[in-house]
Amino acid sequence: MNRVRVDYPRMVQMTIDYAEEHLDEELSLSRLAQVAGFSDFHFHRVFQTMAGETVMDYVRQRRLAVSAYRVAYSDERLLDIALQCGFQNHETFTRAFKRMYGRTPGEYRKLGIKPPPYTKLNVLQQYNNPFVGGIQLEHRIINKPAFKVIGYETTTTSCNGDNLREVPAFWQDYINRGLSQQIPNRISTQMAELGICYNFNYETSQFNYLIGMEVDTFDGMLEGQVAREFDETEYAVFTTPLVERALFVHSVQSTWQRIYTEWFPQSGYEHAGKAEFELYDERCNPALPEAQIDIYIPIKRKQG
């Protein structure tokens, strides 16, 4: 079946341009996703992959950058600047401004700070060599039945890259305490741990992260453990390259990047918004010099 490649960089840039022209209006993820022609969750992940931050974080930062420039180079009333940059009132503007710049708008102006004219993001410059040819990432499409997991859970956020620090620390604590050995009713007798992301909040960028194993029953759980059941879902499964340990983290991150920038645009699918996870099995045995994992992305056919 022939598939038409979707120009993801162009669609993301279109939303950036749109947001720039409507900073004084209420902008939601859903509104910007409609501009791009994506579902809310798929747009959330595509934008974050290409821009390095969530779309709502980007909008907040652009509003502050524009307002700082106007505070510095004009004599406009601070309230007028606040309202015209999408802030609901002076108090909200002042708090956000101080968090970003370490001082209030009034202090910023009084000190005579002259910031450069920070320009909007241009993803077309970063992705100026569109992927051509067939799908290069090896993958398979599976329908995974509903499954149960017992494990340990935390809440994190992708804001400011918090998850990139907190999730590895969570894993390290899990390993140091030998928690895998305490999970009851495991289906697999071998190593088969899951790192699951779910319960995504588009506006706050928060999500739950669960480390656990598939089980056949929730009986006999210990204090501190959580039980979660996930619905039957269609997944695209990608296997990261087999690499030496020193390159493993980079290999995983690179595979995630390629899924969104190379595979999705020409796949005919989009993210289904359900739980996604990484499978750490015997291929990640610490005794082995090389490692690889499988990445499970929930998918659905793209409409239109």
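This tour proceeds through a predicted model, naming at each stop what to select and what is found there.

**Stop 1: helix α1**

Begin by selecting residues 8-21, which form helix α1. The helix has 14 residues and reaches 20 Å from its first C-alpha to its last, close to the 20 Å expected at 1.5 Å a residue. Colour the buried positions of α1 next: they are Y8, P9, M11, V12, Q13, T15, I16 and A19.

Keep Y8 selected and add F38. The structure holds 24 aromatic pairs, and Y8 with F38 is one of them: the ring centres are 5.0 Å apart and the planes stand at 55°, so this pair is tilted. The two residues are 30 apart in the chain, and the pair links distant parts of it. Whereas Y8 belongs to α1, F38 is found in the loop between α2 (29-36) and α3 (40-51). Y8 is buried at a relative accessible area of 1%, and F38 is buried at 6%.

**Stop 2: a pair within one helix**

Move to helix α6 (residues 90-101) and select F97 and Y101, which both lie there, four residues apart, about one turn of the helix. In an α-helix there are 3.6 residues a turn, so residues three or four places apart point the same way. The centres of the F97 and Y101 rings are 4.8 Å apart and the planes are at 45°, so the pair counts as tilted. F97 has 0% relative accessibility and is therefore buried.

**Stop 3: the largest nonpolar core**

Select F43, F47, Y174, Y209, F248, F264 and I297. Among the 56 residues of the largest nonpolar core, these touch the most other members. Which helix gives the most to this core? It is α10 (residues 248-267), with seven residues.

Centre the view on F264. Apart from neighbours within four places in sequence, F264 contacts Y8, H42, I259, Y269, E270, H271, I297 and I299. Y8, from the start of the tour, is thus among the contacts of F264. A second, separate core has 14 residues, including V149, V237, F277 and Y296.

**Stop 4: E270 and its surroundings**

From F264, step to E270, in strand β8 (residues 269-271). Is E270 buried or exposed? E270 is buried, its relative accessible area being 5%. Leaving out residues up to four places away in sequence, E270 touches F38, S39, H42, F264, P298, I299, K300 and K302. Then draw a C-alpha to C-alpha distance from E270 to G37: the two are 11 Å apart in space and 233 residues apart in sequence.

**Stop 5: rings and charges**

Select Y269 together with R301. The charged end of R301 sits over the ring of Y269, 4.2 Å from its centre. Next, select F147, Y198, F230, Y235, F277 and Y296, which ring pairs link into a cluster. Add K144 to this view: K144 lies over the face of F147, at 4.7 Å from the ring centre.

**Stop 6: three loop residues**

Select T240, in the loop between β6 (233-239) and β7 (243-244). T240 is buried, with a relative accessible area of 1%. Not counting residues up to four places away in sequence, T240 touches S251, V252, T255, Q292, I293 and I295.

Two asparagines follow. Most residues other than glycine have a negative phi. N185, although not a glycine, has a positive phi of about 60°; N185 is placed in the loop between α9 (162-176) and β3 (192-198). N199 also has a positive phi, near 55°, and lies in the loop between β3 and β4 (206-215). With 26% relative accessibility N185 is partly exposed, while N199 is exposed at 53%.

**Stop 7: the cysteines**

Finally, select C159, C197 and C284. How many disulfides does a search of the whole structure find? The search finds zero. For C159 the nearest cysteine sulfur is that of C197, 15 Å away. For C284 the nearest cysteine sulfur is also that of C197, 16 Å away. C159 is buried at 14% relative accessibility, and C284 is buried at 8%.

Notes. Residues numbered from 1 in each chain as written. Predicted model: local features only at pLDDT ≥ 70, side-chain atom pairs only at ≥ 80, totals over all residues. Heavy atoms only, no water. Core = buried A, V, L, I, M, F, W, Y, C linked by side-chain atoms within 4.5 Å. Buried < 20%, exposed > 50% of the residue type's maximum accessible area, 1.4 Å probe, protein only. Contact = heavy atoms within 4.5 Å. Disulfide = S-S within 2.5 Å. Phe/Tyr/Trp six-rings, centres within 6.5 Å; stacked < 30°, edge-to-face > 60°. Lys NZ or Arg CZ within 6 Å of the ring centre and 35° of its normal. Expected span 1.5 Å × (residues − 1).
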